[in-house]
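The terms used for protein models rest on cut-offs. The turns below ask how each label is earned.

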Amino acid sequence: MKILAIETSCDETGIALVEGHKTPAGFTFVVLKNALLSQAALHAEFGGVYPNLAKREHEKNLPILFKEFENEEVDAIAVTRGPGLEPALWTGVGFAKKIAAQWHKPLLPMNHMEGHLISSLITHTHPNKLENVGMSGELHDVALPVLALLISGGHTEFILMKEWFKYEMVGETQDDAVGEAFDKVARMLALPYPGGPEVSRLAAHARSIKDRPLYSDAKDGPWKLPRPMLNTNNCDTSFSGLKTAVLYALRDQGGIQKLSADEIAACAGEFEDAVTDVLVAKTKRALDETGAKTFVIGGGVAANTHLRTTLTAEVQKEFPDVSVQLPELSITGDNAIMIAEAALLRRLSLHDDATEEDFRAVGNLSIAG
Ligand code: KG4
Ligand code: ZN
C-alpha cells in the first residue's frame, strides 16, 4: 500500500510517498519519495515562527514540491490536520483535499503528534541517501503499553498507549514546551533560531572542558538553575520559570555582552542539565505509575543527544525490563514521512477509522481524545 502524505503544521513544508506492507512479523515501510523544505531561515529574523509567513510559504512551496509526485499511483492521501499553526495547517489540508478529489482517493486526516509517536516506534535503517529516499523501517513485537515522551516546539507530554491508536494523557507541561524553552534560551544567549541544536552544541562544549571551571554542578554556582516541578506528585512539567531563571542568571552575571564564550556555554550546559533532570525524573515516575513495557521519545527535541543518552541510561538502569526506543535522527524534526507511516500503520492494521472526507484543520488538536 502506498500513501502520499502532506505536512504543513509549522515551518516545514513536507510531502512524502511511503510504501508499507503487513508481514507475518509486523510491518515494513520504505520511503519512495520525500520532499522537505524548511522555512527556518526565513523565520529566524523574527526569532520564532511567524504564522502568516508560514502560511504564505506553504502556499507557494506545496505546488512546487508536488510536481515530483504528480504522476504517482497511490492508495490514499494523508494530511496533518493538527495540532499546529492553524493558517499553516489550512494550507496543507486544502491542498490535500484537492488532490484526493482529483485522484479519487481516500483522504486520511492525521494527528501530527501521532506521526511523531508512531514514526519513533519504527526502527529505521538509514541508507545515507539524499532526502531519506530509500530509508526503510520495521515495526514488530512492540510490547504494550507504550509510554511516549513527546517533546517539540509546541508540546511536552507523556502519552500512554495501552491499545494501538488509543492515547491517554499521563502528564503535560503547564506552560512552555521544552523546545520553546530551548528556543527562548537560545535567543537570550544570542544564538540563532531554531535554538535547540545551538544550545545543545554549547552544552556539549561546556561538558567537554576538562576541569569544567565554569560549568557548575555545585549547588551555589553562578549558573545553578532550578528543576521546576521535579518533586511534584504528578507527571506534569513546567519550563517557563526555568527560562526566566536563565534570564536572571544572565543579568546577575552582568549581561550576555560581559560573558566569555565558556561562561555562555556553562549556562547552556546547566540549562540542558536542568531540563534533562526534570524529564528523567518525570519519565521514571510515569513508568512507575503506568507499568509501561516500552518507552519511546519523539518530536524535534528528541534529537537532543544529551537527553537521548541520559534518558536511555537512566531508564535501563532502573527499569531493565522496559524496552527503550529512540527515533531515527533524520526524522525527529517535522516531516511528511512520519505522517505517511502513521497513516500506513492505521490502514494496514485496519484502524483506518480516521478516513474522512469533510474535516477541518484544528490548531489545538489533542492526541488523547
Ligand atoms: O517537532 P518539531 O520539529 O516541530 C514542532 O512540532 O514543534 O520540534 C521543533 C523543536 C524546536 O523548538 C527546536 O529548537 C527543537 O525542536 N530541537 C531541539 C534539538 N533539535 C531540535 N531541542 C534541543 N536539542 C536539539 N538537538
Ligand atoms: Zn513536530
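What follows is a set of questions and answers on salt bridges, burial and sheets.

Q: What kind of model is this, and which residues count for local features?
A: This is a predicted model, in which local features need pLDDT of at least 70 and side-chain atom pairs count only at pLDDT 80 or more, while totals for chains, interfaces and linings use all residues. Residues are numbered from 1 along each chain as its sequence is written, chains are lettered from A and ligands numbered from 1 in the order in which they are written, and side-chain values use heavy atoms, with hydrogens and water left out.

Q: What makes the contact between E198 and R201 a salt bridge?
A: A salt bridge needs a side-chain nitrogen of Lys or Arg within 4 Å of a carboxyl oxygen of Asp or Glu. The closest N and O atoms of E198 and R201 are 2.8 Å apart, so the pair qualifies. The structure holds 19 salt bridges.

Q: Why are E198 and R201 separated by about one helical turn?
A: Because they are 3 residues apart in helix 6 (residues 196-208). Helices here are DSSP runs of H or I with at least four residues, strands are runs of E with at least two, and both are numbered from the N terminus.

Q: Why is E198 called partly exposed?
A: Buried means under 20% relative accessible area, exposed means over 50%, and partly exposed lies in between (1.4 Å probe, protein chains only). E198 has a relative accessible area of 22%, so it is partly exposed.

Q: How do you know that K224 and E270 form a salt bridge, and what does the pair tie together?
A: Their N to O distance is 3.8 Å, so the pair falls within the limit. K224 lies in the loop between helix 6 and helix 7 (240-252) and E270 in helix 8 (residues 261-290), so the salt bridge ties together parts that are 46 residues apart in sequence.

Q: Which of K224 and E270 is buried, and which is partly exposed?
A: K224 is partly exposed at a relative accessible area of 26%, whereas E270 is buried at 1%.

Q: What links K284 in helix 8 to E314 in helix 9?
A: Their side chains meet in a salt bridge at 2.8 Å, N to O. The two residues are 30 apart, and the pair links distant parts of the chain. K284 counts as buried because its relative accessibility is 17%. In addition, salt bridges that share partners join D176, E180, K184 and K243 into one network.

Q: Why is F319 called buried, and what does F319 touch?
A: F319 has a relative accessible area of 13%, so the label buried applies. F319 is found in the loop between helix 9 and strand 12. Leaving aside neighbours within four places in sequence, F319 is in contact (heavy atoms within 4.5 Å) with K284, L287 and D288.

Q: How do you know that D11 has no salt bridge?
A: The nearest side chain of opposite charge, R187, is 13 Å away, so D11 has no partner within the limit, although D11 is buried. Lys and Arg count as positive and Asp and Glu as negative; His and the chain ends are not counted. D11 sits in the loop between strand 1 (2-7) and strand 2 (12-22).

Q: What makes the pair D11 and Y193 a polar contact?
A: A polar contact is a pair of N or O atoms within 3.5 Å; within protein, one must be able to donate a hydrogen and the other to accept it, and residues adjacent in sequence count only if both atoms are side-chain atoms. The side chains of D11 and Y193 make such a contact at 3.3 Å.

Q: How do you know that strand 1 and strand 4 pair?
A: Two strands pair if DSSP finds at least two bridges between them. Strand 1 and strand 4 (residues 76-82) are joined by 4 bridges and run parallel, so they pair. A78 in strand 4 is the bridge partner of A5. These strands belong to an open sheet of 7 strands with the order 5-4-1-2-3-7-6 and mixed pairing.

Q: What makes strand 8 and strand 9 a pair?
A: Strand 8 (residues 146-151) and strand 9 (residues 156-163) share 6 bridges and run antiparallel, so the requirement is met. V146 stands opposite M161 in strand 9. The open sheet of 5 strands that holds them has the order 10-9-8-11-12.
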